[in-house]
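Trainee: I am new to this structure and would like to understand the reasons behind the words used for it. Could we go through a few of them together?

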Amino acid sequence: MTTSTTSPLTLDLGVGGMTCASCVSRVEKALKKVPGVQDATVNLATESARVVYAPSAQMDAQIRRAVRNAGYEPVSPEEAMPEDLSPWAGFAPVAIGLLLSLPLVVPMIGDLLGKHWMLPAWQQFLLATPVQFILGARFYKAGWHALKALTGNMDLLVAIGTSAGWGLSMWLWLSAEPDTMPHLYFEASAVVVTLVLLGKWLEARAKRQTTAAIRALHALRPEVAHVLQGSGEEADLPVAEVLLGDRLVVRPGERIPMDGLLQEGQTQVDESMLTGEPLPVTKQPGDKLTGGSINGDGRVVLQVSAVGSESVLAHIIRLVEDAQAAKAPIQRLVDQVSAVFVPVVLAIGLLTLLGWLWAGAGMETALIHAVAVLVIACPCALGLATPAAIMAGTGVAAKNGILIKDAQALELAHKVDTVAFDKTGTLTVGRPRLVAFVVSPDADEVEQLAVAASLQSGSEHPLARAVVAAAQERGMTVAQPDGLRAVPGRGSEGEVGVRSYLIGSLRWMDELGVNLGALAPQAQRLQGEGATLALLVERTTDGLSPRALMAFADEPKAGAKEALAALRARGIRIVMISGDNQGAALAMGARLGLGADEVMAEVLPGDKAAKVAALKAGGHTVVMVGDGVNDAPALAAADVGMAMGTGTDVAMHAAGITLMRGDVALVAGALDISHRTVMKIRQNLFWAFAYNVAGIPLAALGFLSPVVAGAAMALSSVSVISNALLLKRWRLRRD
């Protein structure tokens with residue numbers, strides 16, 4: 001299929017048969033050789049590849065063919081996703097290997113106790129050979145593909161090492177004098193194969209845990225939706241067949257199948273899958289509903305507003321998949337090492353063999369030590385160190401409402417020393433509230449607030465809604481005015497009871513010649529604090545008389561001040577960037593606990609990115625936190641952009657991290673999980689490198705037998721994944 005677009009396309013592909021970091025390197029090289037492929041990233045932990053390529057006919061097939069020619073199996077992403085299987089799934093080959101190897105190991109233990117339980121050579125042969133060539137067939141197959149490609153991998157090391165042990169045993173048995181019992185190494189080859197299979201099974205089991213976040217998100221999608229037809233009857237249809245604009249019925253306790261707008265009914269919705277917030281959210285007609293969230297105790301009807309890949313849940317899944325498929329910059333070091341690792345190990349194994357022969361140890365001893373080198377040098381742990389930690393870290397972050405879009409943002413976030421916040425909608429609620437209601441000396445406050453709310457009851461203006469909300473908070477009944485007339489850009493006028501009133505901006509009142517009188521000092525003070533003012537006046541026989549002065553201001557978000565203090569306690573510098581005038585910005589900064597040197601005021605939307613660039617130029621690693629379209633350039637300019645999920649899609653696309661609630665505490669949480677994930681990556685890489693650096697010389701010098709080497713190799717991979725899985729215990733702290 002051809003296409004006219006010139007934008008690069010992305011293909012996610014499962015890759016079966018990879019066993020170590022060398023496999024990753026080989027698949028990446030094979031993919032990058034395909035004409036038209038611009039980039040290829042392979043992840044050992046997810047056994048998947050992400051390929052970016054220029055649109056071209058049959059490119060999908062060419063990419064799959066390249067994977068197959070490299071010796072691996074291309075599979076669809078759905079098949080590659082580990083299923084939520086039984087904990088013992090795939091254990092049968094390991095169990096068979098253990099049963100066949102046990103009779104070979106028991107006589108060795110007996111020797112230590114002074115017992116001679118050694119089996120005849122032919123029985124050892126019958127027990128070890130099925131393990132070597134049937135259960136171990138996977139190593140020969142993958143090793144042969146590696147040899148054909150003139151590269152090496154873990155399977156080649158295991159195949160050569162265990163074959164050498166099995167072959168040496170055969171030679172010693174067949175060349176022995178009649179009626180003598182030579183020391184054979186069938187148990188070594190069989191046990192090593194079994195231990196490697198056990199290690200791979202434990203890895204696969206652990207990998208299923210690291211991908212649990214993705215599987216949990218996929219499980220949130222209901223399979224069936226109740227579609228309301230024109231006749232008013234309900235029809236159950238697969239979710240894949242639901243169309244934009246369809247009306248769906250959601251019964252109490254059911255998952256909401258698609259994104260939509262609530263049309264009928266009211267309910268409370270559990271959105272914890274989206275925001276991490278456990279408290280249910282009240283929904284009224286006109287509110288947005290998110291597919292995958294759980295309906296409360298009300299039957300509701302919604303109109304579908306997004307389907308398929310456009311839904312919020314699909315977007316979240318895509319973000320988590322992107323992060324888990326990506327490579328952290330630190331992984332480049334591992335890739336460079338793994339590219340030369342296996343050839344170097346083969347050379348060390350050969351040198352070990354020749355060295356022991358030169359020292360006069362004999363072929364038997366020399367070959368056993370060389371086998372130990374090949375077995376212990378498997379680079380599995382190196383290949384799993386980084387992706388396992390990234391998958392565990394991004395998975396637990398997603399459960400807490402923090403979506404990390406790429407591994408680079410994850411790795412950079414732990415270095416952050418400066419966090420710049422947009423003000424409106426990020427640190428503040430983003431909706432004006434009535435913060436002061438000052439009445440003239442001869443007026444009653446309750447009466448005048450009721451009048452103001454009545455005049456504003458029919459308006460959708462944010463300031464009008466703030467007045468009505470203030471009256472409702474005080475338990476007032478808002479009456480409908482008579483003869484209400486809106487004056488565009490200025491305010492409105494109408495009658496409440498038998499009296500005539502005007503309500504509007506100070507500029508309009510000034511145009512009408514209204515004298516503020518006793519309210520003037522209060523107006524001056526409130527303006528100095530950055531508040532937006534409006535005036536309620538009554539039309540009397542003496543003219544227009546001021547009755548009440550209203551001051552409106554945004555409010556800090558609940559917990560924002562404490563969240564900023566927690567960041568400051570971590571040694572992080574905080575900056576608030578606002579387009580407000582100096583007085584208003586400083587007043588809000590003071591309410592948030594910020595000093596004058598931490599507030600940047602009167603910054604035009606287009607200049608926010610320049611402010612962030614200036615902070616970076618000062619040698620700082622900067623996070624920008626915002627929510628609006630005008631924040632997108634600044635989010636992109638920062639080292640790490642964090643977008644509030646309550647904001648615009650543009651902001652979320654420009655950011656590396658999305659905070660699914662408008663909770664400022666999530667900023668510190670994102671930095672903390674980033675720091676912990678990078679620490680796990682470094683710990684894993686240290687132990688993986690240290691294991692090989694220490695293990696290979698010990699094996700070469702004869703201090704490790706092949707059996708011990710096999711056990712240590714399996715343990716290293718399992719320990720790396722287990723260390724990464726400790727991240728799943730992370731919880732968002734609220735200091």
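Mentor: What follows takes up some ring pairs, a buried polar residue and a small sheet, in a model that is predicted.

Trainee: Why is the aromatic pair of F125 and W166 called tilted?

Mentor: The ring centres of F125 and W166 are 6.3 Å apart, with 40 degrees between the planes. Rings pair if their centres lie within 6.5 Å, and planes under 30 degrees apart count as stacked while those over 60 count as edge-to-face, so an angle that fits neither class is called tilted. F125 belongs to helix α5 (residues 121-135) and W166 to helix α7 (residues 154-175), so this pair ties together parts that lie 41 residues apart in sequence.

Trainee: How do you know whether F125 and W166 are buried or exposed?

Mentor: The word buried is kept for a relative accessible area under 20%, exposed for one over 50%, and partly exposed for what falls in between. W166 has 17% and is therefore buried, whereas F125 has 24% and is therefore partly exposed.

Trainee: What makes the pair of W166 and F186 edge-to-face?

Mentor: The planes of W166 and F186 stand at 65 degrees, with the ring centres 6.4 Å apart, and the class edge-to-face requires an angle over 60 degrees, so the name applies. Since W166 sits in helix α7 and F186 in helix α8 (residues 186-210), the pair ties together parts that are 20 residues apart in sequence. Both W166 and F186 are buried, and ring pairs link them with F125, F133, Y140 and W173 into a cluster. Over the whole structure, the search finds 7 aromatic pairs.

Trainee: Why does N723 count as buried?

Mentor: The relative accessibility of N723 is 15%, and buried means under 20%, so N723 counts as buried. This residue lies in helix α27 (residues 706-725), and, if neighbours within four places in sequence are left aside, N723 is in contact with K680, Q683 and N684.

Trainee: What makes the link between the side chains of N723 and N684 a polar contact?

Mentor: The distance is 2.8 Å, and a polar contact needs a donor and an acceptor among N or O atoms within 3.5 Å, so the link qualifies.

Trainee: How do you know that β9 and β12 pair?

Mentor: Strand β9 (residues 267-270) and β12 are joined by 2 bridges in the antiparallel sense, and pairing asks for at least two, so the condition is met. The bridge partner of D270 in β12 is I294. The open sheet of 3 strands has the order β10-β9-β12, with antiparallel pairing, and its edge strands, β10 (281-283) and β12 (294-295), each pair on one side only.

How values were computed:
Residues numbered from 1 in each chain as written. Predicted model: local features only at pLDDT ≥ 70, side-chain atom pairs only at ≥ 80, totals over all residues. Heavy atoms only, no water. Helix = DSSP H or I, 4+ residues; strand = E, 2+ residues; numbered from the N terminus. Phe/Tyr/Trp six-rings, centres within 6.5 Å; stacked < 30°, edge-to-face > 60°. Buried < 20%, exposed > 50% of the residue type's maximum accessible area, 1.4 Å probe, protein only. Contact = heavy atoms within 4.5 Å.
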